[in-house]
Amino acid sequence: MRNILAVKILFCIIFISCSTDINVEENSEYKIPIKEIGREDSKALFYKPRFIKYNNIDKRVYVSDTGNNRIIVLDDNLNFIKEYGSFGQGPGEFNRPEGIAFSKENLIHIFEASNSRIQIFNSQFMLNSGFQLPSAGFRASLDIDSNDRILLNAVDNKHLFSLLDKSGNILGNFGIVYEYDQNHLSYLHNQTIFRYDEDGNLYCAFVNHPVLRKYDKFNNLVFEVNTDFIPGVKKQIKNWEKRITEKGGPNIYLSKSLVRDISIDKSFIYLGVAGEKGFPVYVFNKMTGKPIKKIYLTYGESYIPAYYDFSSENYIYAIEKLNMVVLKYEK
Amino acid sequence: MFKKITLVFVLGAILLTFYSFAIAESCGESASCGASSISCNCSEGGECSKDGDSINGWAINCYCDDGSWEGGFCIPAPE
């Protein structure tokens, strides 16, 4: 009798767990922008804008206007405030500014792809310091940890991440990498996009592997989620397998380009993927890594919301690539 | 009459050829890395633009209407 009861309870548990398992593909949200900038305001005509960050300290939106070699600062309703920088290699000048990150003291860190350096500005955009990156190969994604250290993808081909001080000295490396037969390209093969949350946890998504990881503030791995259940990720891998035979060459590393951007708020991880029409953003529970739903950041008939920031409490800010506009959505 | 119809057909064929090339050009991009070249085309047609960021590709980085995204880097020679 007890055995039968135990079996019944077991079945109930299995049934409940299955019935609460959300089908992400059927759980879609379509967002319509409530504000935009980039078409009418002559001061903010973007050219190939890359990377957008909402600053929770000064409540402003920072955009890397990469093609114009400047940073544009907007208020939280996307009104133009200021622009900073022009093309060059000198202090305060930019050559392909990309990643943006803010320290606790609101120092603004700008990664420059072509100058291969990081410049650090105060909140008035006066140059505070800057340094040349210690070696070639570093990529745009950067963030600041709870101890004000700068996090970048490592280029030593042995680790996932490097932590740097404000002078550019490498303080340490961490994170297990995927092995690659061409070892000197391991840094490209293991490239990630990443963000810290308010508690100092780190979330990263691999550009070339269908994997999402969470590290705690002591750099210990908390969880690893496989993202190959996402149709777009599957399609990108399939496309890559076809391309590698047709288009690969000795001087070329073909990226799988599985992910576009990652963002974190108090509860969720937002992961933008390629390979699906409308370029949806998949939403995961921050504590468990469980997928919950997907969000489409729409804009007219044809749109590519390539970069975004969900860290504001009520709003989403996104760069739409095709029309080169910055958009604001309600969460 | 026969000549007019033939002329219309010939002109139509020429226009169609130019239109096809224009579509292919607008959707195909290529870049070179040393001796190798890399290209991408949007298989389902539509928008395809070549540009890049240092995360997904500098040599080429195409975005198509069907959501596919092709990226590639020119890489340094092994030491």
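Strands here are DSSP runs of E with at least two residues, numbered from the N terminus. The model is a predicted one, and its strands serve below as landmarks for an account of the enclosed space, the open space, the rings and a few single residues.

The enclosed space comes first. Searching the whole structure gives one cavity of 30 Å³ or more. The largest cavity holds about 60 Å³ of space. It is lined by 13 residues, and those closest to its centre are A:F51, A:G99, A:S141, A:L142 and A:R195. Three strands of chain A, namely β7 (97–102), β15 (192–196) and β20 (259–264), each give at least two residues to this lining. Strand β15(A) provides the largest share, three residues. By residue class, the lining of the largest cavity has eight nonpolar, two polar and three charged members.

The open space is described in the same terms. The largest pocket has a volume of about 870 Å³. Its lining is made up of 36 residues, and nearest the centre of the pocket are A:N56, A:Y196, A:D197, A:E198 and A:S311. In chain A, β3 (52–55), β11 (142–144), β15, β20 and β25 (315–320) are the elements that contribute two or more residues to the lining of this pocket. Here the largest share, three residues, belongs to β3(A). The lining of the largest pocket divides into nine nonpolar, ten polar and 17 charged residues. Strands β15 and β20 of chain A thus appear in the lining of the largest cavity and in that of the largest pocket.

Strand β15 also leads to the aromatic rings. Over all chains, the structure contains 22 aromatic pairs. In one of them, A:F161 and A:F194, the ring centres are 5.3 Å apart and the planes meet at 85°; an angle over 60 degrees counts as edge-to-face, so this pair is edge-to-face. The two rings come from distant parts of the chain: A:F161 belongs to strand β13 (residues 161–164) of chain A and A:F194 to strand β15 of chain A, 33 residues apart. A:F161 and A:F194 are both buried. A:F161 can also be placed relative to A:L151, a residue of strand β12 (residues 150–153) of chain A. Ten residues separate A:L151 and A:F161 in sequence, and their C-alpha atoms are 6.7 Å apart in space. A:L151 has a relative accessibility of 0% and so counts as buried.

A further edge-to-face pair is formed by A:F268 and A:Y270, with 6.3 Å from centre to centre and 75° between the planes. The partners differ in exposure. A:F268 has a relative accessible area of 27% and is partly exposed, whereas A:Y270, at 4%, is buried, because buried means under 20%. Elsewhere, ring pairs join A:Y62, A:Y84, A:F94, A:F102, A:F121 and A:F125 into a cluster.

Rings also have charged groups over them. Within chain A, the charged end of A:K328 sits over the ring of A:Y315, at 4.0 Å from the ring centre. Between chains, the charged end of A:R139 sits over the ring of B:W58, 5.0 Å from its centre.

Another contact between chains A and B involves B:N56, which lies in the loop between β2 (36–41) and β3 (60–63) of chain B. The side chain of B:N56 makes a polar contact of 3.3 Å with that of A:S257. B:N56 is buried, with 0% relative accessible area. Strand β2 of chain B contains B:I38, which is buried at a relative accessible area of 2%. B:I38 and B:G71 are 33 residues apart along the chain, and 9.7 Å separates their C-alpha atoms.

Two loop residues of chain A remain. A:N69 is not a glycine, yet has a positive phi of about 55°. A:N69 lies in the loop between β4 (60–65) and β5 (70–74) of chain A. A:N219, also a residue other than glycine, has a positive phi near 70°. Its place is the loop between β17 (211–215) and β18 (221–226) of chain A. Are these two residues buried or partly exposed? A:N69 is buried, with a relative accessible area of 10%, while A:N219, at 23% relative accessibility, counts as partly exposed.

Technical notes: Residues are numbered from 1 along each chain as its sequence is written. Chains are lettered from A and ligands numbered from 1 in the order in which they are written. This is a predicted model: local features need pLDDT of at least 70, side-chain atom pairs count only at pLDDT 80 or more; totals for chains, interfaces and linings use all residues. Side-chain values use heavy atoms; hydrogens and water are left out. On a 1 Å grid over the protein atoms alone, a cavity is a set of points where a 1.4 Å probe fits but cannot get out, and a pocket is an open set with protein on both sides within 12 Å along at least five of seven lines; lining residues have an atom within 4 Å of a point. Grid points are joined across faces, edges and corners, and a volume is the space filled by probe spheres set on the points. Helices (H or I, at least four residues) and strands (E, at least two) are DSSP runs, numbered from the N terminus. Ala, Val, Leu, Ile, Met, Phe, Trp, Tyr, Cys and Pro count as nonpolar, Asp, Glu, Lys and Arg as charged, and the others, Gly among them, as polar. Rings of Phe, Tyr and Trp (its six-membered ring) pair if their centres lie within 6.5 Å; planes under 30 degrees apart count as stacked, over 60 as edge-to-face and the rest as tilted. Buried means under 20% relative accessible area, exposed over 50%, partly exposed in between (1.4 Å probe, protein chains only). A charge sits over a ring if NZ of Lys or CZ of Arg is within 6 Å of the ring centre and within 35 degrees of the ring normal. A polar contact is a pair of N or O atoms within 3.5 Å; within protein, one must be able to donate a hydrogen and the other to accept it, and residues adjacent in sequence count only if both atoms are side-chain atoms.
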